[in-house]
Amino acid sequence: MRRWSWGRRAALFGGAALVVGVSAASAVPTGAEDRRVSPPIEAVPVDLVAFDTCDAALAELRTAVAPHVGVYGLGGHGFLTKADGEVAMEGQADARAGSAQRAPGDTAAVPEHSGTNAHESGVDEPDLVKTDGERVVTVADGRLRVLDVATRQLTGTLDVPAGHASQLLLHGDRALVIGAGQGLAGRGIVVDGPAGVHAEDSSVTLVDLSGAPRVLGTLTVDGRYVDARQVDGVVRVVVHSEPRLPWVYPMDGRSEAEALIANRELVATAPIEAWLPHYELTGADGATSEGRLVACDRVSHPRHHPATSMLSVLTFDFPGDLGTGDAVTIMADGDTVYGTGGSLYVADDHHLRPMTRFAPDTPASTAIHQFDVSRPGPPEHVASGSVAGTLLNQYSLSEHQGHLRVATTSADAPGIPEQAPATQSSVTVLKRDGATLVEVGRLDGLGLGERIHSVRFVGPVGYVVTFRQVDPLYTLDLSDPARPREVGELKITGYSAYLHPAGDGKLIGVGQEATDQGRVTGTQVSLFDVSDPAAPTKVAGHHLPGASSEVEFDPHAFLYWPARDLVVLPVTGSGAGGREAQATGGLLVLRLGGGAFSALGTVRHDGSAYDPGIRRALVVGDDLWTVSAVGVQVSRIDGLARQAWVPFT
């Protein structure tokens, strides 16, 4: 009997669980006044059903994968994936300043403190540092460390047993740490079939913080961690699993034809374990259990549109035991997560344009899957749909009054005249109708010949920044979901990669300044007056020549603290402007007042020249806590004088 071990992730073109087709506009307007709203596209209901048996599941999975098998397995078969094609800024989180909070049951006052910069109020997102005002918990260097706010001392350090820790969530005296697993095959977990494959694993570890940090349990799953969201004490973790097969390649005397035949045989004979995700659960006492993460009859799939991979949403309750997450699984792909208090959306734009050598020249589309998380326990998959084009990040999605607004960029969309620019951006409004997310309105023709660089939705208003040589900031009126309209446009040099509402009709942008020819010149923080959506203006800016900021691709790094008029962001790079290069790495601290920015200074850590620098900043009382991979520093907000330095040794 052959043995299957858990495999390293194969590059995969997986079919998404969607049956809603949305085309681009039938024509591209030449100006804002002519930009048309396309009529809704007729949607086909999403019909998801569960498999009756594992044999039925295996037959459909083999059938779904077979057409995509090539001489390099499921990689190199001519379909561009996000890794092969355009580079997307993953995991950006739009930001609203965190509010002060207390640990459950704690009656003592805690200092006012900031939280993680998250997309939606009341929905926390995992990050490399958290605080409850009494302690600061971080995994910035891959290990969990706990610092006491009052004494500014390190009180605990913990190596996560399943591997390198990358993100965490905090609730009361418990932390949920997310990291990369050591590999289920490395712990001896095998199933029937041929050997020789190594898995990509994800792990979640529940840690008790009431005393010295102590592991309460670790769950390792063979699958790619996508993202997670926390509402109160409940966490939903999204994992993407693909077939794990020992592909053969045309090398060592094996021809392409022989490799193709061997790979097709692998798919035709692979057991169900090659598709279903597996888990290992280790308790606080070291006892372990392992098995299938989800049973065959709990996997939902589209009746007429087979998919090739699986998307699982795991649920963890902070006060309870870790468990296996009680997976809800659908046959789909997913790479972008957006959450509200009642819904969790997972979007997939893996399906970038196929190469014309292998498939028809069809435009890219993004599949969107909605889960209901309004009740305790496992979520319920309630609807799916799709839009033309691809997302920038999670801030391309926004739910408002029962509608989902989606901003995408499309290339060579059907209906665009040949003489028109090949790229345009759109905002599509979807509404749930039964099990389908149906288009009710769409605005096309934004940023002709350009791509989206940032998006922000605030209530019935939307802001979209596109860029090629100059930065058009579009303001959108979304008050009528059936007729989204562009109402204003501001063209300036450079672009904003992140937008943050600052109240009183103001919007902060963080990105790059650029020349008139589009060459970027360094970090720029901008202040826009959008109180009149028809006439947005830039009222202030702060330019740091030669610099860049992590905020541009991960807004968790951005801190806006209006109580002290602080705008804080990490920067790296070198000085420019004809002067001798000089280091600018550190944390830039600005004050926003009177409609202008003033620089309060730069915080720096004691690190080596190779250290990536400060990653995050937190406000706790009158202090600014800054976190890097080499340590934590406490500085007084007024004057930025160092109060304490805690190195990670």
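**Entry 1: the chain overall**

Contact, in these notes, means heavy atoms within 4.5 Å. I worked throughout on a predicted model. I looked first at how contacts are spread along the protein chain: among those between residues at least 6 apart in sequence, 58% join residues at least 24 apart. I then listed the secondary structure and found two helices and 43 strands. I noted that the protein chain has 649 residues, of which 58% are buried. For the surface, I recorded about 24900 Å² exposed by the protein chain, with carbon and sulfur atoms supplying 50% of that area.

**Entry 2: nonpolar cores**

I asked which residues have the most contacts inside the largest nonpolar core. They are L219, V237 and L314, in a core of 42 residues. I checked which element gives the largest share of this core, and it is helix α1 (residues 54-65), with four residues. I also noted a second, separate core of 28 residues, which includes V149, A165, L618 and V627.

I followed L314 further. Leaving aside neighbours within four places in sequence, I found L314 in contact with L219 and V237, and also with V221, V235, R236, V239, L293, T324, G325 and A327.

**Entry 3: A617**

I located A617 in strand β40, which covers residues 616-620. Is A617 buried or exposed? I entered it as buried, because its relative accessibility is 11%, and the cut-off for buried is under 20%. Its contacts, sequence neighbours within four places left aside, are L559, V568, L587, L624, W625 and T626. I also looked up the pair A617 and S114: these residues are 503 apart along the chain, yet their C-alpha atoms are separated by 9.0 Å.

**Entry 4: H278**

I found H278 in strand β14 (residues 278-283). H278 has a relative accessibility of 5% and therefore counts as buried. I then asked which side chain makes a polar contact with the side chain of H278. It is the side chain of E290, at 2.8 Å. I added that a polar atom of the H278 side chain lies 3.3 Å from the backbone oxygen of G291. For the backbone, I recorded 4.4 Å between the C-alpha atoms of H278 and R292, which are 14 residues apart along the chain.

**Entry 5: S426**

I placed S426 in strand β25, residues 423-433. With 5% relative accessibility, S426 counts as buried. I noted a polar contact of 2.6 Å between the side chains of S426 and D444. D444 also appears in the contact list of S426, which leaves aside neighbours within four places in sequence and holds V406, A407, T408, R442 and L443 as well.

**Entry 6: a surface patch**

Lastly I turned to the surface and asked which residues make a nonpolar patch of about 290 Å². They are Y72, Y249 and M251. I traced M251 to the loop between β13 (234-241) and α2 (256-269). I entered M251 as partly exposed, because its relative accessible area is 44%, and that class lies between the 20% limit for buried and the 50% limit for exposed.

Methods. Residues are numbered from 1 along each chain as its sequence is written. This is a predicted model: local features need pLDDT of at least 70, side-chain atom pairs count only at pLDDT 80 or more; totals for chains, interfaces and linings use all residues. Side-chain values use heavy atoms; hydrogens and water are left out. Buried means under 20% relative accessible area, exposed over 50%, partly exposed in between (1.4 Å probe, protein chains only). A polar contact is a pair of N or O atoms within 3.5 Å; within protein, one must be able to donate a hydrogen and the other to accept it, and residues adjacent in sequence count only if both atoms are side-chain atoms. Patches are made of residues with over 30% relative accessible area and no salt bridge: like charges are joined within 9 Å, nonpolar side chains (Val, Leu, Ile, Met, Phe, Trp, Tyr) within 5 Å. Accessible areas come from the Shrake-Rupley method with a 1.4 Å probe; for residues, only the protein chains shown count as cover. A salt bridge is a side-chain nitrogen of Lys or Arg within 4 Å of a carboxyl oxygen of Asp or Glu. A nonpolar core is a set of buried Ala, Val, Leu, Ile, Met, Phe, Trp, Tyr and Cys residues joined through side-chain atoms within 4.5 Å.
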